[in-house]
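Biologist: Could you walk me through this model, starting with the terms you use? I would like to ask about it piece by piece.

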Amino acid sequence: MRYHPLTDADRQLMLGRIGVSHIDELFADIPAGKLQKKLPRLPLGKTELEVERHLGRLAAMNVTASEVPFFVGAGAYKHHVPATVDHLIQRSEFLTSYTPYQPEIAQGTLQYLFEFQTQVANLTAMDVANASMYDGSTGAAEAVLMAHRITRRKKAILSGGLHPHYAEVIETVSAMASDTVERMAPDVTAAENLIARIDADTSCVVVQTPDFFGNLRDLTKIAEACQKHGALLIAVFTEAMSLGLVTPPGEMGADIVVGEGQSIGNALNFGGPYVGLFAAKQKYLRQMPGRLCGETVDAEGKRGFVLTLSTREQHIRRDKATSNICTNSGLCCLAFTIHMTLLGETGLKRVAAVNHANACDLADRLDEVEGVEVVTTSFFNEFTMRVPGKAAQVVEKMAGRACSPACRSRACCRRRGSTT
Amino acid sequence: MLAGVPVSRLLPKAGLDDLIVVANTEVNTDEDRAAFVAALEGVL
């Protein structure tokens with residue numbers, strides 16, 4: 001197909017059809033003060049070698065997760081991903097054929113999506129799971145919108161233990177839809193009384209477990225209270241590995257379960273791409289966002305897989321759609337599925353047990369440090385500790401200290417002038 | 001040593017400036033945990 005650029009006459013015709021006289025009118029929602037009148041003065045272009053050197057110097061200023069002992073979590077976790085996962089997801093048929101819309105040529109993709117859904121439903125102890133969301137935070141926002149559709153109410157209550165970024169995404173999406181969000185104050189010790197906030201206007205209560213501060217929460221009573229008031233309980237998790245050890249949200253009465261799947265099969269990736277996990281009770285199936293893959297038989301009676309529910313804005317009319325996020329991270333989803341398959345139920349439980357044991361060991365040691373208090377009393381692999389003074393300064397000082405014998409990187413030691 | 005996330009980074013106005021969220025997975029060794037404690041004692 002040849003490329004035919006548009007003429008001014010073409011542009012005027014299109015603008016006139018949509019009722020604007022100049023293309024600038026399409027950007028009216030951007031505050032005038034944010035618009036640049038002209039491009040800033042940029043330096044002259046550099047050679048590839050100069051750019052490589054410059055970027056290399058910038059990158060060398062970072063301390064990477066693999067160079068030093070790494071205890072950072074808060075929504076993204078460093079776990080071991082077997083080399084097998086990377087090897088298999090880089091097969092050409094997986095790197096190229098992402099969309100499952102033509103089942104006659106996408107049975108491999110559809111089969112792994114079906115297996116992924118089965119794994120997520122089993123992990124969360126829910127009836128049905130979809131073929132993955134963009135990530136946990138947008139998945140949480142989608143769950144709130146789903147609850148609004150089901151209950152025909154517009155108020156969501158967000159626990160004070162919900163990851164702040166997840167809460168902010170929910171608030172942003174809700175603002176666009178003129179929905180109400182009641183966000184509880186940060187709840188470091190899981191002491192809040194969410195049940196007292198539920199009323200006849202509440203469409204859903206969003207609670208994370210393990211929560212942002214590491215607390216494990218029993219959702220049973222909240223689930224009962226939600227049911228009594230006709231609201232839905234949305235259970236959130238950011239550490240998927242926890243589901244190998246803790247009681248799954250489905251067994252505690254959650255109506256919708258949503259979370260981040262990065263911990264299984266995916267590296268930190270500098271914050272993304274990640275993979276959202278989304279599951280719900282069977283009766284809410286038709287209101288689920290994203291896609292659903294199902295099992296069927298072909299014309300010859302052989303087992304096959306197809307998409308059975310496609311209600312994104314790309315598939316159906318916008319007013320009827322269950323989501324306008326018309327993408328997901330297919331490769332991350334595949335990595336999750338492969339890693340889960342390699343682990344199996346036994347392997348997942350073993351890894352989860354090691355996580356918990358390691359965290360308990362660290363918490364016990366930290367409790368012995370003068371001035372330090374481990375605040376979280378019931379946790380999986382993450383907890384909150386109180387330190388004297390400003391925590392941010394303590395973290396910075398620990399990052400800037402001369403390397404210990406535990407440092408894994410000679411380059412890091414050279415940068416810091418360490419003799420270790 | 002990357003010791004965790006200060007709560008103030010994600011909740012800057014919550015008055016929780018003395019809290020750090022610490023994660024420990026299967027990739028952390030006994031050596032790592034010992035180094036963590038030593039580093040923390042060193043800076044406090």
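Modeller: Gladly: two strands pair if DSSP finds at least two bridges between them. Helices (H or I, at least four residues) and strands (E, at least two) are DSSP runs, numbered from the N terminus. The model is predicted, so local features need pLDDT of at least 70 and side-chain atom pairs count only at pLDDT 80 or more, while totals for chains, interfaces and linings use all residues. Residues are numbered from 1 along each chain as its sequence is written, chains are lettered from A and ligands numbered from 1 in the order in which they are written, and side-chain values use heavy atoms, with hydrogens and water left out.

Biologist: Thanks! How many bridges join β1(B) to β2(B)?

Modeller: These two strands run antiparallel. Within the pairing, Val5(B) has Val21(B) as its bridge partner in β2(B). The number of bridges joining β1(B) to β2(B) is 2.

Biologist: What is the strand order in the open sheet of 4 strands?

Modeller: The pairing in this sheet is antiparallel. β10 (373–374) of chain A and β1 (5–6) of chain B stand at the edges, each with a single partner strand, so one side of each has no neighbour in the sheet. The order is β10(A)-β11(A)-β2(B)-β1(B).

Biologist: Which residue of β11(A) stands opposite Glu373(A)?

Modeller: β10(A) is joined by 2 bridges to β11 (residues 382–386) of chain A, and the two run antiparallel. Opposite Glu373(A) in β11(A) stands Arg386(A).

Biologist: Over how many bridges do β11(A) and β2(B) pair?

Modeller: Two of the partnerships can be named: Glu382(A) has Ala23(B) as its bridge partner in β2(B), and Met385(A) has Ile20(B). The sense of the pairing is antiparallel, and the number of bridges is 5.

Biologist: How many of the 5 residues of β2(B) are buried?

Modeller: Here buried means under 20% relative accessible area, exposed over 50% and partly exposed in between (1.4 Å probe, protein chains only). In a regular strand the side chains alternate between the two faces of the sheet. In β2(B), Leu19(B), Val21(B) and Ala23(B) point one way and Ile20(B) and Val22(B) the other way, and all are buried. The strand is largely enclosed by the rest of the structure, because the buried count for β2(B) is 5 of the 5.

Biologist: And why is β11(A) described as largely enclosed by the rest of the structure?

Modeller: The reasoning rests on burial: β11(A) has 5 residues, and it is largely enclosed because the number of them that are buried is 4.

Biologist: Which helix lies across β10 and β11 of chain A together with β2 (19–23) of chain B?

Modeller: Axes are lines fitted to C-alpha atoms, for helices over the stretch in contact, and angles run from 0 to 180 degrees between N-to-C directions. Contact means heavy atoms within 4.5 Å. The helix runs at about 10° to β11(A), and it is α9 (residues 330–367) of chain A. Helix α10 (residues 391–400) of chain A also packs on the sheet, touching β1 and β2 of chain B, and its direction makes with that of β2(B) an angle of about 45°.

Biologist: How much area do chain A and chain B bury between them?

Modeller: Buried area is the accessible area (1.4 Å probe) that two parts lose on being put together, summed over both. The contact takes 57 residues from chain A and 39 residues from chain B. Carbon and sulfur atoms hold 68% of the buried area, which comes to about 4,500 Å².

Biologist: Which residue of chain A meets Asp30(B) in a salt bridge?

Modeller: A salt bridge is a side-chain nitrogen of Lys or Arg within 4 Å of a carboxyl oxygen of Asp or Glu. Between chain A and chain B the count is 4. At 3.6 Å, N to O, the partner of Asp30(B) is Arg365(A).

Biologist: How many disulfides are there over all chains?

Modeller: A disulfide is a pair of cysteine sulfur atoms within 2.5 Å. By this rule the total is 0. For Cys204(A), the nearest cysteine sulfur is that of Cys226(A), 8.4 Å away. For Cys333(A), the nearest is that of Cys332(A), at 8.7 Å.

Biologist: Is Tyr112(A) buried or exposed?

Modeller: Tyr112(A) lies in helix α5 (residues 107–124) of chain A. Not counting residues up to four places away in sequence, Tyr112(A) touches Phe94(A), Gly330(A), Cys333(A), Leu334(A) and Thr337(A). With a relative accessible area of 11%, Tyr112(A) is buried.
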